[in-house]
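Student: I should like to look closely at one part of this structure, namely the positions that a database record marks as a binding site. Could you please describe that part and its surroundings in one connected account?

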Amino acid sequence: MPALLSHSQPHIVSIHHAASAASAEIYLYGATLSSWKTKGKERLFVSTKAILDESKAIRGGIPVVFPVFGTQEQFNLPQHGFARISKWEWLGIITETDEEISVQFGLGEAKLTDALRLAWPNSFRLTYTVTLTADMLKTVLSVKNEGSNAFEFNTLLHTYLSVPLVIVPTPLPFRFDRNLQDVSRIHISGLTGHTFVDKVAANARHVEDRELVTIQGEVDRVYVDVQTPEIRVDDGVGGGYVVRKTGVRDTVVWNIGAEKARTMADMGDNDWPHYICVEVGSVGELVLLGRGETWTGGQTITAL
Ligand SMILES: O=P(O)(O)OC[C@H]1O[C@H](O)[C@H](O)[C@@H](O)[C@@H]1O
């Protein structure tokens with residue numbers, strides 16, 4: 001069976017791409033991708049302390065941020081909105097060929113609590129399409145305005161890419177700590193020359209002057225209007241990811257760092273070196289969507 005709602009876990013959709021043995025798992029809660037495996041490796045990070053009982057957004061995988069990024073004064077919504085904490089509808093398999101398998105999930109205001117509907121009183125339809133090939137994962141969100149007034153929103157695919165710990169051979173004298181491959185050794189390219197808002201430094205705006213962005217300590221940056229066709233995450237040992245975005249403007253790079261990790265209840269103390277969030281979305285400015293209009297944006301991630 002290529003894609004099914006698991007019988008043992010009826011809240012999870014499992015997808016298998018038969019030709020390559022690539023696979024993915026998606027929780028109906030938040031339509032959160034919690035696993036993506038290619039070539040025998042897990043490519044998404046999920047915290048060892050992630051809460052999976054639908055009482056909190058899943059810490060890891062790909063939560064869907066909508067209709068606000070962070071919080072916004074004018075809406076009494078939870079941080080990053082309601083899409084990642086709502087139960088989505090399973091719409092089924094859309095395509096299934098030797099090359100790819102594609103499935104869809106939907107969310108409309110009818111699925112929201114009264115409090116959320118009151119906080120964001122718009123009629124909308126979200127459709128989330130997840131496509132899997134041998135080495136690629138594509139996630140695309142479309143937002144349809146089904147109401148009689150225009151509305152504004154932000155959205156983001158909050159992707160936690162896995163950075164596996166591997167031991168890198170180095171010359172003697174051997175020191176274990178020097179040989180660990182973790183987030184401090186990755187390089188991100190494709191952001192050079194772009195303005196970013198540094199959320200760790202009181203939202204100061206700077207221009208990225210590095211060819212290769214590295215992660216040392218806490219990093220939380222919103223790169224705005226990123227025009228480069230691809231962001232490349234090089235894990236330093238011949239692997240990594242290429243992230244291509246369509247229809248969205250911005251890219252957030254986030255790692256919580258050692259100190260803050262200890263203060264986050266659903267992040268294990270030693271989890272932070274094992275992920276990098278490269279999050280594509282439209283968050284620098286609000287997207288205005290007129291009555292009857294549909295907006296579409298998303299990403300394609302290739303595992304190297
Ligand atoms: O803790 P969460 O609500 O899941 O947010 C996790 C992170 O999301 C984004 O990456 C933001 O830029 C960060 O400022 C935030 O800390």
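Tutor: The UniProt record, in an unreviewed entry, places the feature "binding site" at Arg59, Gln79 and Arg84. These positions span 26 residues in sequence, yet no two of their C-alpha atoms are more than 13.3 Å apart, so they gather at one spot. Please keep in mind that the model is a predicted one.

Let us begin with two of these residues. Gln79 lies in the loop between β6 (64–65) and β7 (89–96), and Arg84 has its place in the loop between β6 and β7 as well. Is Gln79 buried or exposed? A residue is counted as exposed if 12 or fewer other C-beta atoms lie within 10 Å of its own, and as buried if there are 20 or more. Gln79 has 12 other C-beta atoms within 10 Å, and therefore it is exposed. Arg84, by contrast, has 23 other C-beta atoms within 10 Å, so Arg84 is buried.

The contacts of the two residues can be listed in turn, leaving aside neighbours within four places in sequence. Gln79 is in contact with Gly70 and Thr71. For Arg84, the partners are Gly30, Thr32, Ala57, Pro63, Val64 and Val65.

The loop between β6 and β7 holds further points of interest. His80 is found there, and His80 is buried, because 23 other C-beta atoms lie within 10 Å. Its phi is near 65°, a positive value in a residue other than glycine. Pro67 also has its place in this loop, and a cis peptide bond, with omega about 0°, joins Phe66 and Pro67. As background, most residues other than glycine have a negative phi, and most peptide bonds are trans.

We may now turn to the ligand. Which residues surround the ligand? They are Ala57, Gln79, His80, Lys199, Asp220, Val252, Trp254, Cys277 and Glu279. The elements that give two or more residues to this shell are β21 (250–255) and β22. By character, the shell divides into four nonpolar, two polar and three charged residues. Gln79 thus appears both in the shell around the ligand and in the record's "binding site".

Glu279, another member of the shell, leads to a second annotation. For "active site", again in an unreviewed entry, UniProt lists His158 and Glu279. These two span 122 residues in sequence, yet their C-alpha atoms are no more than 4.7 Å apart, so they gather at one spot. His158 is placed in the loop between β11 (151–157) and β12 (160–162), while Glu279 is found in strand β22. His158 is buried, since 24 other C-beta atoms lie within 10 Å. Glu279 counts as buried because it has 24 C-beta neighbours inside 10 Å.

Again not counting residues up to four places away in sequence, His158 touches Ile62, Pro63, Val65, Cys277 and Glu279. Pro63 and Val65 are also among the contacts of Arg84, and Cys277 belongs to the shell around the ligand. Glu279 touches Leu156, Leu157, His158, Thr159, Thr251, Val252 and Trp254. Val252 and Trp254 are themselves residues of the ligand shell.

One further contact of Arg84 connects this part to the interior. Val64, a partner of Arg84, belongs to the largest nonpolar core, which has 72 residues. Within that core, Val64 is one of the residues that touch the most other members, along with Ala24, Leu44, Leu161, Val233, Val253 and Ile276. Strand β22 (residues 275–289) gives the most to this core, with six residues. In soluble globular proteins, nonpolar side chains tend to be buried together. Apart from its neighbours within four places in sequence, Val64 is in contact with Gly30, Ala31, Ala83, Arg84, Tyr128, Leu141 and Leu157. Gly30 is listed among the contacts of Arg84 too, and Leu157 among those of Glu279.

Finally, the setting of this part is the chain as a whole. The chain contains two helices and 23 strands, and buried residues make up 39% of its 304 residues. Of the contacts in the chain with a separation of 6 or more, 63% are between residues 24 or more positions apart.

How values were computed: Residues numbered from 1 in each chain as written. Predicted model: local features only at pLDDT ≥ 70, side-chain atom pairs only at ≥ 80, totals over all residues. Core = buried A, V, L, I, M, F, W, Y, C linked by C-beta atoms within 7 Å. Helix = DSSP H or I, 4+ residues; strand = E, 2+ residues; numbered from the N terminus. Contact = placed C-beta atoms within 7 Å. Near = placed C-beta within 6 Å. Nonpolar A, V, L, I, M, F, W, Y, C, P; charged D, E, K, R; others polar. UniProt positions renumbered as here; feature names shortened; annotations may be inferred.
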